[in-house]
Amino acid sequence: ASREQCEELLDCLFAVSAADDSISVTEEEEIRRIASELGFDHSDYIEARRKYSQYRDVIKGLNRSS
């Protein structure tokens, strides 16, 4: 697969995880593992994840605490 196709797949993984308005830590870990297998480095993963930050349970938990 091309780099662009892999980027689209990574985006799809986040979109599916966010479909229920929540991305759990377990889901994030699995997407990170897949991203690594696709050849993405950590900064690539972070960039792909950024668009879905509002759905991350980790972030939601921080916002509830404040």
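This is a conversation between a student and a tutor about how the labels on this predicted model are earned.

Student: Before we start, what kind of model is this, and how are its residues numbered?

Tutor: It is a predicted model, in which local features need pLDDT of at least 70, side-chain atom pairs count only at pLDDT 80 or more, and totals for chains, interfaces and linings use all residues. Residues are numbered from 1 along each chain as its sequence is written, and side-chain values use heavy atoms, with hydrogens and water left out.

Student: Let's begin with Ser-17. Why is Ser-17 called buried?

Tutor: Ser-17 lies in helix H1; helices are DSSP runs of H or I with at least four residues, strands are runs of E with at least two, and both are numbered from the N terminus. Buried means under 20% relative accessible area, exposed means over 50%, and partly exposed is in between, with a 1.4 Å probe and protein chains only. Ser-17 has a relative accessible area of 9%, so Ser-17 is buried.

Student: Which residues does Ser-17 touch, apart from its neighbours within four places in sequence?

Tutor: Contact means heavy atoms within 4.5 Å. With those neighbours set aside, Ser-17 is in contact with Ser-22, Ile-23, Glu-27 and Ile-31.

Student: And what makes Glu-27 partly exposed?

Tutor: The relative accessible area of Glu-27 is 27%, and therefore Glu-27 counts as partly exposed. You will find Glu-27 in helix H2, residues 25-37. Beyond its neighbours within four places in sequence, Glu-27 is in contact with Ser-17 and Ser-22.

Student: What lies 2.8 Å from a polar atom of the Glu-27 side chain?

Tutor: That is the backbone nitrogen of Ser-24.

Student: Now the helices. Why is H1 called roughly antiparallel to H2?

Tutor: The axes of H1 and H2 come within 10 Å and cross at roughly 170°. Axes are lines fitted to C-alpha atoms, for helices over the stretch in contact, and angles run from 0 to 180 degrees between N-to-C directions. Under 35 degrees counts as roughly parallel, over 145 as roughly antiparallel, 65 to 115 as roughly perpendicular and the rest as oblique. The crossing angle therefore makes H1 roughly antiparallel to H2. On the H1 side the contact is made by Leu-10, Leu-13, Phe-14 and Ser-17, and on the H2 side by Glu-27, Ile-31, Ile-34 and Ala-35.

Student: How do those residues divide by class?

Tutor: Ala, Val, Leu, Ile, Met, Phe, Trp, Tyr, Cys and Pro count as nonpolar, Asp, Glu, Lys and Arg as charged, and the others, Gly among them, as polar. The contact of H1 with H2 has 6 nonpolar, 1 polar and 1 charged residues.

Student: What makes H1 and H3 oblique?

Tutor: The axes of H1 (residues 3-18) and H3 (residues 42-50) come within 9 Å and cross at roughly 50°, so H1 and H3 are oblique to each other. Their contact is made by Arg-3, Leu-10 and Phe-14 of H1 with Asp-44, Tyr-45, Ala-48 and Arg-49 of H3. The classes here are 4 nonpolar, no polar and 3 charged.

Student: Why are H2 and H3 called oblique?

Tutor: H2 and H3 pack at an angle of about 130°, with their axes 10 Å apart; H2 and H3 are therefore oblique to each other. The residues making this contact are Glu-28, Ile-31, Arg-32 and Ala-35 of H2 and His-42, Tyr-45 and Arg-49 of H3. They divide into 3 nonpolar, 1 polar and 3 charged.

Student: Which side chain is joined to that of Glu-28 by a polar contact?

Tutor: A polar contact of 3.3 Å joins the side chains of Glu-28 and Arg-49. A polar contact is a pair of N or O atoms within 3.5 Å; within protein, one must be able to donate a hydrogen and the other to accept it, and residues adjacent in sequence count only if both atoms are side-chain atoms.

Student: Is Glu-28 buried or exposed?

Tutor: With a relative accessible area of 7%, Glu-28 is buried.

Student: Last, the loops. How do you know that Gly-39 is exposed?

Tutor: Gly-39, in the loop between H2 and H3, has 52% relative accessibility and so counts as exposed. In the loop between H1 and H2 sits Asp-21, which is partly exposed at a relative accessible area of 47%. Asp-21 also has a positive phi of about 65°, although it is not a glycine.
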